[in-house]
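Please read the points below with the structure open beside you, taking them one at a time.

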Amino acid sequence: MRHRAILFGLLGTFLVFAAFRPDFQVAAFAAGFVSVVSFLYLAWSGGSYNAQIGRVFTADVIALVCLVVGAAAYFYSAHTVRNPQ
């Protein structure tokens, strides 16, 4: 799990960096989705897991919801800017 924590820290740093650099935002969303969805799939497909993995699973579900909301807002605003009414 320490390895996951380091990778998550690197991904978090990239997401914060991308928040201020629009050119990297799509890549940051993609990386976030790959990270979260892959862990959720592996944990779910593995069946039973302990309480610690259960907490990480819950945190990743919350992270997935945040990513979906953020990506929807990003693409909505990008569409609105390109096609103002």
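1. Ser38 has a relative accessible area of 35%, so Ser38 counts as partly exposed (buried means under 20% relative accessible area, exposed over 50%, and partly exposed in between, with a 1.4 Å probe and protein chains only). Ser38 lies in helix H2, and its C-alpha is 11 Å in space from that of Phe57, with the two positions 19 residues apart in sequence terms.

2. A word on the basis of these values: this is a predicted model, in which local features need pLDDT of at least 70, side-chain atom pairs count only at pLDDT 80 or more, and totals for chains, interfaces and linings use all residues. Residues are numbered from 1 along each chain as its sequence is written, and side-chain values use heavy atoms, with hydrogens and water left out.

3. The protein has three helices and zero strands, which gives the pattern α-α-α along the sequence (helices, H or I of at least four residues, and strands, E of at least two, are DSSP runs numbered from the N terminus). The radius of gyration is 15 Å, well over the 12 Å that the globule rule gives for 85 residues, so the protein is more spread out than a compact globule; this radius is taken over C-alpha atoms, and the rule is 2.2 Å times the number of residues to the power 0.38. Along its principal axes, the C-alpha trace spans about 50 × 25 × 15 Å.

4. Which residues make up the largest nonpolar core? Its 10 residues are Phe29, Val36, Phe39, Leu40, Ala43, Ile53, Phe57, Ala63, Leu67 and Ala71, and helix H2 (25–45) and helix H3 (51–82) each supply at least two of them. Such a core is a set of buried Ala, Val, Leu, Ile, Met, Phe, Trp, Tyr and Cys residues joined through side-chain atoms within 4.5 Å. In soluble globular proteins, nonpolar side chains tend to be buried together.

5. Val36, one of the core residues, is in contact (heavy atoms within 4.5 Å) with Asp60, Ala63, Leu64 and Leu67, once its neighbours within four places in sequence are left aside. Among contacts between residues at least 6 apart in sequence, 53% join residues at least 24 apart.

6. Of the 85 residues of the protein, 22% count as buried. Leu7, which is found in helix H1 (residues 2–20), is partly exposed, because its relative accessibility is 45%.
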